[in-house]
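Below are some notes on the model, set out as numbered points. Please read them with the structure open.

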Amino acid sequence: MQVGVPSANSPQCASPRPSGPPYAAGFRAGVPWGHEVGCRASRLGVAAAGIGSVGVKPATMPTLSGHHYRTGLPVRVTWEGESVRRVDAVAAGACADGVQIAPALLDIQLNGYAGLDFSRPDGLERIAAQLAALGTARFCPTVVTGSPEAMAGTLRTLAAALAADGGLRAAVPGIHLEGPFISGLDGPRGAHPAAWVRDPDWDTFQRLQEAARGAIRLVTLAPERPGAEAFTARATAAGVRVAIGHTAADAGAIERAVGAGARLSTHLGNGLAARIDRHANPLWPQLARAELYASFIADGHHLPAPALVAMMRAKGEERCILVSDAVAQAGLPPGRYTGIGGDLVDVGADGRVTLAGTPYLAGSGFHLARCVAHAARVATGLPAAVEMASLHPARLMSVAPGGLEPGAAAHLWAFRLGGDGEPQTQATVRGGRVVYGAPGGS
Ligand SMILES: [Zn+2]
């Protein structure tokens, strides 16, 4: 674990919050990571003003009680259907010690978990269940570069699972296609197989989108590849987010991508050459463009803490997104396993996933809540880290964020910190449905 910056001096990024969203108010003050949350009886500004009769007895509505993740005050959140109805201050002792309530996590980059991937028919359902127990209510299954047949096959499998289960559709804001339109160079290409990377091509994408029954909502590509600009414009017009990643692009290509509609840098700081020019490299222009969100793999292995902190400060808190980029071996006990393409990978005691017998990373071994914990410790404090893994990705994907305000979507996460500082999920609510744990009574 790389922990280099004391949380007591957590930096606060200076970018202003956008006006308008219901989650905009009251977010600046927060409880720093590791702060002992105690029950403090106090009035809360988000009480149920304006909630009228909804035709259902309040006692029948499910609730969660705990400490508001940002204020630390004890609250009871009541929801009806898919929406939060009330957030009430409660007396000290009304909620279990140390339990916090926050928006449920949304992971826009996840390749698998606990030995499962999305190529198997039951993969999506089982991974969703695993993630629910870890506070991630929603996620974008990520399909990486492979043969056209293999990619289409996985997309068909995902589409069939989504068509069969409305609960899964609620869990998946869209599929993330990472490749095949990425750099073919060693380094930027990462672990994607060189044989199958190619220039962006709309017909190829359309075939993949048809296999996915239209569920692809995010595409990561390298903007320096011929055709990338036109592809980006066309995808954006079709409602598909375009991300820059696995790239050796110069500033001009990045500028053109942003102009054509690209709005995200995928796992910034990874998926680029190991050695780069001090000025002419893909990092500076991506950090400089305010239109681009940036996702980060904050697992303590992919980015040294100073690099993570510096990039987050440059990008601004509101443009930062945390992703797990977890591979199928994530969450497995330490040992040696078969990874992508049949390569052997080692899972270390610290969760690090490497090519067997080498120090080279073969993906992330952390789920998103652990990345939140790491980012909170080394960079941001808890409230901002939670929002980077919930509200911000929802905004990027134009889906309803969860929230602790009346009217917000009921995507909720109740957790407490274990003795090791890792979040232990008590309950996860997805669109008003308890998908892990049990709600409290009211
Ligand atoms: Zn990647």
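1. Start with the pairing of strand β8 (residues 136-144) and strand β9 (residues 175-178). The two run parallel and are joined by three bridges. Within this pair, Val143 has Leu177 of β9 as its bridge partner. Note that the model is a predicted one.

2. Both strands belong to an open sheet of eight strands, in the order β5-β8-β9-β10-β11-β12-β13-β14, with parallel pairing. Its edges are formed by β5 (105-110) and β14, each of which pairs on one side only.

3. Further along this sheet, strand β10 (residues 216-221) pairs with β11 in the parallel sense, over four bridges. Val219 is the residue that stands opposite Val242 in β11. Between β10 and β11 the chain passes through helix α5 (residues 228-237), and this β-α-β crossover is right-handed.

4. On to β12: strand β11 is joined to strand β12 (residues 264-265) by two bridges, and the two run parallel. Here Ile244 has Ser265 in β12 as its bridge partner. The connection from β11 to β12 goes through helix α6 (residues 251-260), again as a β-α-β crossover, and this one is right-handed.

5. Are the residues of β11 buried or exposed? In strand β11 (residues 241-244), Arg241 and Ala243 point one way, Val242 and Ile244 point the other way, and all are buried. Arg241 is thus listed among the buried residues of the strand.

6. The second sheet to check is an open one of three strands, ordered β15-β16-β17, with antiparallel pairing. β15 (335-338) and β17 (353-355) are the edge strands with a single partner strand each, so each has one side without a neighbour in the sheet. On average, neighbouring strands of this sheet are turned by 35° against each other, direction ignored. β15 and strand β16 (residues 344-347) run antiparallel and are joined by four bridges. Gly335 has Val347 in β16 as its bridge partner.

7. Next, a helix pair. Two packed helices are described by the angle between their axes and the distance between the axes. For helix α8 (residues 305-315) and helix α9 (residues 368-380), the axes come within 9 Å and cross at roughly 75°. The two helices are therefore roughly perpendicular to each other.

8. Which residues make the contact between α8 and α9? From α8 they are Ala305, Leu308, Val309 and Met312, and these meet Val378, Ala379 and Thr380 in α9. Sorted by class, this contact of α8 with α9 has six nonpolar residues, one polar residue and no charged residues.

9. The burial of α8 is worth a look alongside that contact. Leu308, Val309, Met311, Met312 and Lys315 are buried in α8. The buried residues of this helix pack against α7 (283-288), β13 (293-297), β14 (320-323) and α9. After α8 comes Gly316, which has a positive phi, near 95°.

10. Finally, the overall counts. The protein has eleven helices and 20 strands. Of its 442 residues, 54% are buried. Among contacts in the protein with a separation of 6 or more, 72% come from residues 24 or more positions apart.

Technical notes:
Residues are numbered from 1 along each chain as its sequence is written. This is a predicted model: local features need pLDDT of at least 70, side-chain atom pairs count only at pLDDT 80 or more; totals for chains, interfaces and linings use all residues. Axes are lines fitted to C-alpha atoms, for helices over the stretch in contact, and angles run from 0 to 180 degrees between N-to-C directions. Angles under 35 degrees count as roughly parallel, over 145 as roughly antiparallel, 65 to 115 as roughly perpendicular and the rest as oblique. Two residues are in contact if their C-beta atoms, placed from the backbone, lie within 7 Å. Ala, Val, Leu, Ile, Met, Phe, Trp, Tyr, Cys and Pro count as nonpolar, Asp, Glu, Lys and Arg as charged, and the others, Gly among them, as polar. A residue is buried if 20 or more other C-beta atoms lie within 10 Å of its own, exposed if 12 or fewer, and partly exposed in between; C-beta atoms are placed from the backbone. Two strands pair if DSSP finds at least two bridges between them. A crossover is right-handed if, with the strands pointing away from the viewer, the path from the first strand over the helix to the second runs clockwise.
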